[in-house]
Amino acid sequence: MTTTWPYPFWIAHRGAGKLAPENTLAAFRLGAQHGWRMFECDAKLSADGVLFLLHDNTLERTTSGHGVAGKRPWSELAQLDAGRWHSRAYAGETIPTLENLARWCLANHYFLDIEIKPTPGEEERTGQAVAKLTSHLWQNAATPPLLTSFRPESLLGAMKTAPELPRGLLLDTLWDDWADRARQLQCAAVVCNHALWDPALVAQVKAMGMRCLSYTVNDEWAAERLIALGTDGVVSDRVDLFAPG
């Protein structure tokens with residue numbers, strides 16, 4: 001758990017939300033052009049152990065490929081078109097590796113929220129791989145990424161590998177024992193579907209010594225509610241609506 005919080009309040013979802021093809025370097029560059037300084041991405045392992053950016057388990061929605069992404073070697077994934085699905089302007093955009101994005105963030109002093117998004121059956125291994133690479137790349141940086149996941153097994157793998165890296169448990173519902181798991185995983189934050197937050201839940205999480213973050217906040221009224229509740233950060237698609245300070 002952490003007593004200081006070095007991250008900005010506003011976090012750009014998958015780079016630039018929906019304005020550019022998610023989880024591509026073009027999206028992160030566009031988010032930065034809108035003034036955002038912290039970005040969320042999704043990381044998973046290729047069949048041969050390369051960490052790359054993709055949200056879905058399968059390739060069809062956001063690339064020219066087919067099938068389970070984590071069962072493909074990086075040499076194949078690197079050849080896919082990850083931009084044409086979004087618009088002709090981004091045709092030919094490729095899938096980045098996590099290291100590609102890391103080096104861009106480090107060079108520009110941006111902050112990162114890495115969601116560990118494992119292929120089913122690879123939960124702990126993916127968490128271990130993300131933590132190992134992150135620890136290595138950010139070893140001389142002032143502020144490491146926040147590692148988040150819906151899968152406690154992934155956060156456990158990260159904790160075992162690089163316990164110094166901050167972790168956040170993602171919650172879509174308040175399932176039984178979520179608080180105990182967050183404590184066991186020594187989380188720095190709990191990242192909830194924004195509709196879950198109310199004064200009691202904010203008070204509970206803060207009493208646990210953790211920060212309160214939300215996803216995916218795309219309306220002004222929702223952001224204003226979360227600010228009034230005293231939460232610590234929001235993940236948003238609307239890099240064109242909100243103006244992060």
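Gly245 touches Trp10 and Arg37, leaving out residues up to four places away in sequence. Gly245 sits in the segment after strand E9 (233-236). In this predicted model, Gly245 is exposed, with a relative accessible area of 88%. Phe9 lies 236 residues from Gly245 in sequence, yet the two C-alpha atoms are 8.6 Å apart in space.

**The chain as a whole**

The protein chain has eight helices and nine strands. Its C-alpha trace spans about 50 × 40 × 35 Å along the principal axes. How does the radius of gyration fit a compact globule? For 245 residues a compact globule would have a value near 18 Å; the protein chain has 17 Å, so the two agree.

Buried residues make up 55% of the 245 residues. The protein chain exposes about 10600 Å², and carbon and sulfur atoms supply 50% of that area. Among contacts between residues at least 6 apart in sequence, 57% join residues at least 24 apart. The chain carries 23 positive and 28 negative charges. The mean positions of these two sets are 3 Å apart.

**The nonpolar cores**

The largest nonpolar core holds 61 residues. Which of its members touch the most others? They are Phe39, Leu98, Leu101, Val190 and Trp197. Helix H1 (residues 25-33) gives the most to this core, with six residues. Another core lies apart from it. That second core has 13 residues, among them Met38, Leu146, Ala189 and Val191.

Leu101 shows how the main core is joined up. Beyond its neighbours within four places in sequence, Leu101 is in contact with Leu25, Phe28, Cys41, Leu53 and Leu112.

**Helices H1 and H5**

H1 is mostly covered, with seven of its nine residues buried. Those seven are Leu25, Ala26, Ala27, Phe28, Leu30, Gly31 and Ala32. What do they pack against? Their partners are strand E2 (38-45), strand E3 (51-53) and helix H3 (98-108). Just after H1, Gly35 takes a positive phi of about 95 degrees.

Helix H5 (residues 152-161) also has a list of buried residues: Pro152, Ser154, Leu155, Gly157, Ala158 and Met159. Their cover includes strand E4 (111-116), helix H4 (123-137), strand E5 (146-149), E6 and H6.

**Positive phi outside glycine**

Most residues other than glycine have a negative phi. Arg14 departs from that pattern, with a positive phi of about 55 degrees. Arg14 lies in the loop between strand E1 (10-12) and H1. Is Arg14 buried or exposed? Arg14 is buried, because its relative accessible area is 14%, under the 20% cut-off.

Asp177 is another non-glycine residue with a positive phi, near 70 degrees. The place of Asp177 is the loop between strand E6 (167-171) and helix H6 (178-184).

**His55 and Thr126**

His55 lies in the loop between E3 and helix H2 (74-77). Its relative accessible area is 23%, so His55 counts as partly exposed. Which residues does His55 touch, not counting those up to four places away in sequence? They are Arg14, Glu22, Asn23, Asp42, Lys44, Arg61 and Lys117. Arg14, the buried loop residue with a positive phi, is thus one of the residues that His55 touches. Val217 is 162 residues from His55 along the chain, and their C-alpha atoms are separated by 18 Å.

Thr126 sits in helix H4. With 0% relative accessibility, Thr126 counts as buried. Leaving aside neighbours within four places in sequence, Thr126 is in contact with Ala43, Lys44, Leu45, Leu51, Ile116 and Pro118. Lys44 is a contact of Thr126 and is also touched by His55.

**Accessibility side by side**

| Residue | Relative accessible area | Class |
|---|---|---|
| Gly245 | 88% | exposed |
| His55 | 23% | partly exposed |
| Arg14 | 14% | buried |
| Thr126 | 0% | buried |

How values were computed
Residues numbered from 1 in each chain as written. Predicted model: local features only at pLDDT ≥ 70, side-chain atom pairs only at ≥ 80, totals over all residues. Heavy atoms only, no water. Helix = DSSP H or I, 4+ residues; strand = E, 2+ residues; numbered from the N terminus. Rg over C-alpha atoms; globule rule 2.2 N^0.38 Å. Buried < 20%, exposed > 50% of the residue type's maximum accessible area, 1.4 Å probe, protein only. Contact = heavy atoms within 4.5 Å. Areas by Shrake-Rupley, 256 points an atom, 1.4 Å probe, with all protein chains shown as cover. Lys, Arg positive; Asp, Glu negative; His and termini not counted. Charge placed at Lys NZ, Arg CZ, Asp CG, Glu CD. Core = buried A, V, L, I, M, F, W, Y, C linked by side-chain atoms within 4.5 Å.
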